[in-house]
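Got the viewer open? Load the model, switch to cartoon, and let's take a short walk through it.

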Amino acid sequence: CFVIESFIDELATAAGEDPAVFRRRYLKDSPRHLAALELVLERSGWQDRPPPGRRRGLAIQEAFGSVVAQVAEVSVTADNAIRVHRVTCAVDCGTAINPDIVRQQMEGGILFGLSAALYGEITLEDGAVRESNFHDYRQLRLADSPAIDVHIVPSTEPPSGVGEPGVPPIAPAVANAVFAVTGQRLRTLPLRLS
């Protein structure tokens with residue numbers, strides 16, 4: 001998802017098109033993807049100008065029978081730290097049996113994926129892993145967590161997965177937003193600006 005959705009954003013840029021418009025054209029024969037895209041664009045305020053210093057990035061992924069679209073609103077600090085302020089998520093998981101569980105799973109997947117995208121790195125020192133536990137392996141903390149809005153696409157399809165599908169789109173959504181802020185493409189994880 002990171003490679004594909006980052007590349008689609010690059011293609012949109014090369015074509016001189018808004019990333020949402022570009023994706024919409026290629027999803028016209030994929031109604032579930034298109035519905036998730038339209039819902040996330042509407043609920044994220046994609047057409048509205050974000051607050052000063054912030055930009056938005058978009059990514060879509062199908063996994064475990066579910067389609068998830070995410071928009072990340074990001075800024076970059078003076079010392080090149082990436083700050084994710086808000087994530088809007090639209091999920092088509094078929095018939096949502098328990099909408100609260102669906103939202104909770106998407107929120108957890110976004111936070112897990114964001115932690116991996118920003119900090120997920122194991123380092124080797126003298127042939128051994130340097131990190132020994134969570135005290136020296138950085139993870140997303142509450143103070144760094146974005147506001148998350150999850151919206152469920154109405155569907156009559158059979159229920160599908162919600163455990164993992166929220167994870168993959170967050171890294172490319174953030175990377176695409178970072179490009180919108182800085183003009184720099186990030187092609188490796190964890191995401192770091194030079």
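Among contacts in the chain between residues at least 6 apart in sequence, what percentage join residues at least 24 apart? The figure is 65%. Keep in mind as you click around that this is a predicted model.

**Whole chain.** Colour by secondary structure and you should find five helices and six strands. Trace the cartoon from the N terminus and the elements come in the order α-α-α-β-β-β-α-β-β-β-α. The radius of gyration is 17 Å, close to the 16 Å that the globule rule gives for 194 residues, so the chain is as compact as a globular protein of that length. Orient along the principal axes, and the C-alpha atoms fill a box of roughly 55 × 40 × 30 Å.

**Surface.** Now switch on the accessible surface: it comes to about 10,000 Å², with 54% belonging to carbon and sulfur atoms. Of the 194 residues, 42% count as buried.

**Charges.** Select the charged side chains next. You'll pick up 19 positive and 24 negative ones, and the centres of the two sets sit 6 Å apart.

**Cysteines.** Finish by showing the cysteine sulfurs. The disulfide count is zero. Start at Cys1: its closest cysteine sulfur is in Cys89, 12 Å off, which is too far for a bond. Cys1 counts as partly exposed because its relative accessibility is 24%. Hop over to Cys89, which is in no disulfide either; there the nearest cysteine sulfur belongs to Cys93, 9.8 Å away. Is Cys89 buried or exposed? Cys89 is buried, with a relative accessible area of 0%.

Definitions and conventions: Residues are numbered from 1 along each chain as its sequence is written. This is a predicted model: local features need pLDDT of at least 70, side-chain atom pairs count only at pLDDT 80 or more; totals for chains, interfaces and linings use all residues. Side-chain values use heavy atoms; hydrogens and water are left out. Helices (H or I, at least four residues) and strands (E, at least two) are DSSP runs, numbered from the N terminus. The radius of gyration is taken over C-alpha atoms; the globule rule is 2.2 Å times the number of residues to the power 0.38. Buried means under 20% relative accessible area, exposed over 50%, partly exposed in between (1.4 Å probe, protein chains only). Contact means heavy atoms within 4.5 Å. Accessible areas come from the Shrake-Rupley method with a 1.4 Å probe; for residues, only the protein chains shown count as cover. Lys and Arg count as positive and Asp and Glu as negative; His and the chain ends are not counted. The place of a charge is taken as NZ of Lys, CZ of Arg, CG of Asp or CD of Glu. A disulfide is a pair of cysteine sulfur atoms within 2.5 Å.
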